[in-house]
Amino acid sequence: MKSATVGLPVVYRLGVCSRIVAAALGGYVLASLTGISLAALVPLARGEAMISGMMLSFLVYVVAVLWCFACHSAWRAWLGLLVPSLVLAAVNGVLLWGHS
Amino acid sequence: MKEGFRQAMAWLHTWAGLVFGWLLFAIFLTGTLSYFKDEVNHWTHPEIASHPLDDAAALDKAQRYLEQHAAGMKTWYINLPDERQPYIQVMYPGPSGRFANQILDAGSGQLAAARESMGGEFFYQFHYQLQLPYPWGRWLASLCALVMLVTLISGIITHKKIFKEFFTFRPRKGQRSWLDGHNAVGVLVLPFHLMITYSSLVIFMTMLLPGNILAQYGKQTTAIYDDLMPSRGVPAAANQPAPLVSLSELYRDFQQQAPGSRLGLIEVDHPGDANASVVFGRHGGDRIVHQIGYGRVYDGVSGALRFDRQVSSVPMMIAGGLYGMHMGHFAGPGLRWLYFLAGIGGTAMIGTGLVMWLGKRQLKHAKSARQPFHLCLVAVLNVMSMGGLMLAVIGFFYANRLLPFELAGRSGLEVRVFFWVWALSALHAALRPARQAWLEQLGLAALLYAGLPLLNAVTTGQGLNRSLAQGDWAMAGVDLTALAWGLLLAWAVRKLWRNVPVVKARKVAMSAEGEPT
């Protein structure tokens with residue numbers, strides 16, 4: 001990180017951009033899905049379950065952002081968000097299907 | 001980012017902190033001022049006199065005023081005077097859709113003959129809306145909060161030996177001193193930082209996470225209100241006129257049910273209609289847990305109690321508790337000052353971080369005649385975001401005293417003065433060398449802050465001689481805080497003045513080793 005503006009390869013900069021997008025958007029999706037899943041699974045009244053899920057969402061968001069910048073490559077950052085997001089989406093899909 | 005976990009976190013801390021630091025500095029400073037919102041309101045409305053508190057009488061006055069001036073409006077909102085707010089506040093959506101917000105004298109019950117000013121409300125709204133249209137300002141402020149949280153956590157990870165280093169302070173060592181100061185203030189107020197940042201997200205959670213609401217409720221929007229804001233569930237208008245019950249009568253019932261508890265926001269729905277409702281919210285100072293959308297709901301014609309709901313479930317208590325801790329309504333004077341100091345600590349942590357980012361990189365270019373453009377840009381942004389903001393804030397206070405009393409659109413003009421001063425300071429910072437810009441802006445700010453008590457005394461006759469003698473601590477407190485802040489800035493200017501620029505300092509250090517430079 002010695003010189004921020006000169007001498008860094010384009011690939012590196014694209015990687016940083018990719019991580020930022022992953023953190024902002026991917027992190028949001030994962031955070032929201034975690035909150036939704038928790039709300040669907042905890043045995044609480046609907047409003048209370050939703051509030052609990054939302055409060056958890058923000059914590060997940062922070063961890064997701066940290067993950068995006070801690071892992072070794074931008075690809076892994078995306079993978080680490082997409083896989084749990086898909087799993088959670090599947091769980092929610094099954095729950096929704098079970099309800100209807 | 002291949003260097004390992006802690007290096008990666010240091011990178012994140014550095015860059016997220018830089019990019020959002022300027023805005024976060026403004027959010028923290030104006031948010032900190034908001035802990036004394038009522039006191040600032042009092043200072044910006046010096047004409048409004050305090051009267052002994054009498055809730056029932058104040059309710060009667062508010063009701064009389066609203067029945068005369070806002071009959072037929074859909075909703076009325078009333079805020080009663082308390083020990084921090086001397087006036088009655090009434091609000092209602094006007095016929096044109098514009099929200100009327102009026103200040104009544106608690107003695108006469110009529111419009112207070114006071115200067116038009118947003119006062120502390122301006123700083124309060126700025127700190128979460130950033131003067132942007134709804135909802136963009138709130139979204140941007142929330143993004144800042146998330147980045148702040150990320151920066152805090154990555155900062156903790158970066159400073160592994162954080163608690164050990166907390167006891168390390170190396171004064172007069174340039175860059176090291178800034179780092180030690182940054183760490184010390186960061187750790188000292190860390191619980192506050194984490195609480196204030198996380199709670200700000202929780203406050204806006206229903207705006208930030210619409211998907212979560214959709215997943216639970218789908219299209220059943222009324223069910224959301226029933227669950228989260230039960231007091232909103234009031235019947236629609238019957239379109240048959242009926243006189244509104246006396247609010248002070250209801251207040252007597254409220255007092256019997258909960259002796260000693262105070263009223264918060266009072267909401268009257270469909271006043272003058274057969275289906276009128278009255279909602280008595282509870283005062284934020286009575287309980288840490290913030291309870292928006294909860295309260296005692298009365299029939300607005302018969303005065304019968306419909307229902308009374310308070311936050312009771314654990315998740316709601318946690319969310320409401322975080323909300324309440326963020327706002328600090330419950331805090332008495334001592335705790336309020338602690339909030340204020342913690343807020344200043346947070347602001348200082350952000351400021352020292354910004355200064356450090358630049359100082360570290362400038363050192364590398366110390367030998368070259370010109371600094372690279374990006375460093376110049378950061379230098380300008382640093383001056384305008386910190387020095388300039390402090391000038392803008394004090395500019396608002398000066399505008400409050402110096403703009404003519406009767407001027408049309410006065411309160412909007414005060415706000416414009418704030419932004420004009422800020423813009424001018426940015427221009428000044430861009431035109432002057434960084435060190436000169438700092439010296440001049442902080443020097444001017446020191447004069448203006450220290451001079452505020454004098455300005456107040458000259459323009460209103462409510463200077464320290466009178467406010468201290470009368471025990472008007474809100475008025476005196478703003479004056480004294482401005483004076484103290486001015487002195488602090490003067491000290492900073494003196495330090496900066498004596499502190500020779502980096503390149504020279506190095507040579508001095510080399511020639512006279514061991515002596516403090």
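This report covers the two chains, the nonpolar cores and one residue, Asp227(B). The model is predicted.

**The chains**

Chain B has 20 helices and 7 strands. Its radius of gyration is 26 Å, close to the 24 Å that the globule rule gives for 517 residues, so chain B is as compact as a globular protein of that length. Along the principal axes, its C-alpha atoms fill a box of roughly 90 × 55 × 40 Å.

Chain A has 3 helices and 0 strands. Along the sequence the pattern reads α-α-α. The radius of gyration of chain A is 17 Å, whereas a compact globule of 100 residues would have one near 13 Å. Its C-alpha trace spans about 55 × 25 × 15 Å along the principal axes.

The table sets out burial, contacts and surface for each chain.

| Property | Chain | Value |
|---|---|---|
| Residues that count as buried | Chain A | 41% of 100 residues |
| Residues that count as buried | Chain B | 52% of 517 residues |
| Contacts at separation 6 or more that join residues 24 or more apart | Chain A | 68% |
| Contacts at separation 6 or more that join residues 24 or more apart | Chain B | 69% |
| Accessible surface | Chain A | about 5,400 Å², 79% from carbon and sulfur atoms |
| Accessible surface | Chain B | about 24,500 Å², 64% from carbon and sulfur atoms |

Chain B carries 44 positive and 32 negative side chains. The centres of these two sets lie 18 Å apart.

**The cores**

The largest nonpolar core holds 71 residues. Val393(B), Phe397(B) and Phe418(B) touch the most other members. Helix H15 of chain B, residues 373-402, gives this core its largest share, with 15 residues. Beyond its neighbours within four places in sequence, Phe418(B) contacts Phe122(B), Phe123(B), Leu389(B), Ala392(B), Val393(B) and Phe396(B).

A second, separate core has 53 residues. Residues of both chains are among its members, including Ala22(A) and Val62(A) as well as Trp11(B) and Met207(B).

**Asp227(B)**

Asp227(B) sits in helix H11 of chain B, which runs over residues 221-228. Is Asp227(B) buried or partly exposed? Its relative accessibility is 28%, so Asp227(B) counts as partly exposed.

Leaving out residues up to four places away in sequence, Asp227(B) touches residues of both chains. On chain A these are Arg46(A) and Gly47(A). On chain B they are Tyr217(B), Tyr294(B) and Met316(B). Gly293(B) is 66 residues from Asp227(B) in sequence, and their C-alpha atoms are 9.9 Å apart.

Definitions and conventions:
Residues numbered from 1 in each chain as written. Chains lettered and ligands numbered in written order. Predicted model: local features only at pLDDT ≥ 70, side-chain atom pairs only at ≥ 80, totals over all residues. Heavy atoms only, no water. Helix = DSSP H or I, 4+ residues; strand = E, 2+ residues; numbered from the N terminus. Rg over C-alpha atoms; globule rule 2.2 N^0.38 Å. Buried < 20%, exposed > 50% of the residue type's maximum accessible area, 1.4 Å probe, protein only. Contact = heavy atoms within 4.5 Å. Areas by Shrake-Rupley, 256 points an atom, 1.4 Å probe, with all protein chains shown as cover. Lys, Arg positive; Asp, Glu negative; His and termini not counted. Charge placed at Lys NZ, Arg CZ, Asp CG, Glu CD. Core = buried A, V, L, I, M, F, W, Y, C linked by side-chain atoms within 4.5 Å.
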